[in-house]
Amino acid sequence: VADEDSKKKAPSVMREMREGFAYLKAWKGMLAFLLILMPINMVFAPSGSLMPIYVTEYFGRGVEELAMIEISFGASFIIGGVVLGVWGGTKRKMHTILGAGVVTGVAGVGAGLVPSDMFVLALLWFFVTGFAVAVLNGCAMGVMQNAVRADMQGRVFSLVGSVSMAMAPIGLAIAGPFADMAGVPPWFIVAGIVTTALMVLGILTPSVMKLEDYVTEQAKVEER
């Protein structure tokens, strides 16, 4: 009997994911915000797999230069996280998120346009990318944690995490053949343009720009 009761009480993963989706579906601002952010993972996730080709075939460099790009991105990511932790972002966090997203997109285009004899410039662009991604991710997670109800955070974050992870192999499946035909730099340009366009879409979407206002209003209602 105890086993049957525990099975009845045990949460269903699929049921909880459906509840998370229903929660987001009813909140247009948060759903639009996530739909704008998640495709960025699809276009930028393949970068790690494409980087060796970018360094060896496009620049004609070797392992040392590949390590330099990885270090440049990683170091700037840490620096971006520290800066965000000290600074905290703008008063309206959505401005920081969308601004960092635009910088990420511009840096992606820049990395794609770097001449093959200017490797140092590529290092600079990936340093900018790492910094911007850290600020974007940190601020976006802060907004979500502040906005989503505590009892729904597990369901919502699990759903968002699953979809975001699914975006990576999809992006790689598209980026691989694309890079074979056109090269790696054009993919970086496409990724940058898509990211910038998504950020502009966010700026033009009132429910996204006013997301934090909605959270504040809901908190006031609950206090009453």
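1. Arg 149 and Asp 151 are joined by a salt bridge, with 2.9 Å between their closest N and O atoms. The model is a predicted one, and the distance is computed from its coordinates. Arg 149 has a relative accessible area of 38%, so this residue is partly exposed. Asp 151 is also assigned to the partly exposed class, because its relative accessibility is 47%, and the cut-off for exposed is over 50%.

2. Salt bridges with shared partners link Arg 15, Glu 19 and Arg 155 in one network. Within this group, the side chains of Arg 15 and Glu 19 form a salt bridge with an N to O distance of 3.1 Å. These two residues lie four apart in helix α2, which spans residues 13-25, so about one helical turn separates Arg 15 from Glu 19.

3. The accessibility of that helical pair should be read next to the contact itself. Arg 15 is partly exposed, at 34% relative accessibility. Glu 19 has a value of 29% and is partly exposed as well. Neither residue falls in the buried class, because that class requires under 20%.

4. Another salt bridge connects Glu 65 with Arg 61, and here the closest N and O atoms are 3.8 Å apart. The contact is counted because the limit for a nitrogen and a carboxyl oxygen is within 4 Å. A reader who quotes this pair should give the distance with it.

5. Is Glu 65 buried or exposed? At 17% relative accessibility, Glu 65 is buried, because the buried class covers values under 20%. Its partner Arg 61 has a relative accessible area of 35% and is therefore partly exposed. This bridge thus pairs a buried acid with a partly exposed base.

6. How many salt bridges does the model contain? The count is five. Those described above include Arg 149 with Asp 151, Arg 15 with Glu 19 and Glu 65 with Arg 61.

7. Apart from the charged contacts, there is a nonpolar patch on the surface, made by Ile 79, Val 83, Trp 87 and Phe 127. The patch has an area of about 340 Å². Helix α5, residues 63-87, supplies the largest share of the patch, with three residues.

8. Ile 79, one of the patch residues, sits in helix α5. Its relative accessibility is 38%, so Ile 79 is classed as partly exposed. That value meets the accessibility condition for a patch residue, because the condition is over 30%.

Notes:
Residues numbered from 1 in each chain as written. Predicted model: local features only at pLDDT ≥ 70, side-chain atom pairs only at ≥ 80, totals over all residues. Heavy atoms only, no water. Patch = residues over 30% accessible without salt bridge, like charges linked within 9 Å, V, L, I, M, F, W, Y side chains within 5 Å. Areas by Shrake-Rupley, 256 points an atom, 1.4 Å probe, with all protein chains shown as cover. Buried < 20%, exposed > 50% of the residue type's maximum accessible area, 1.4 Å probe, protein only.
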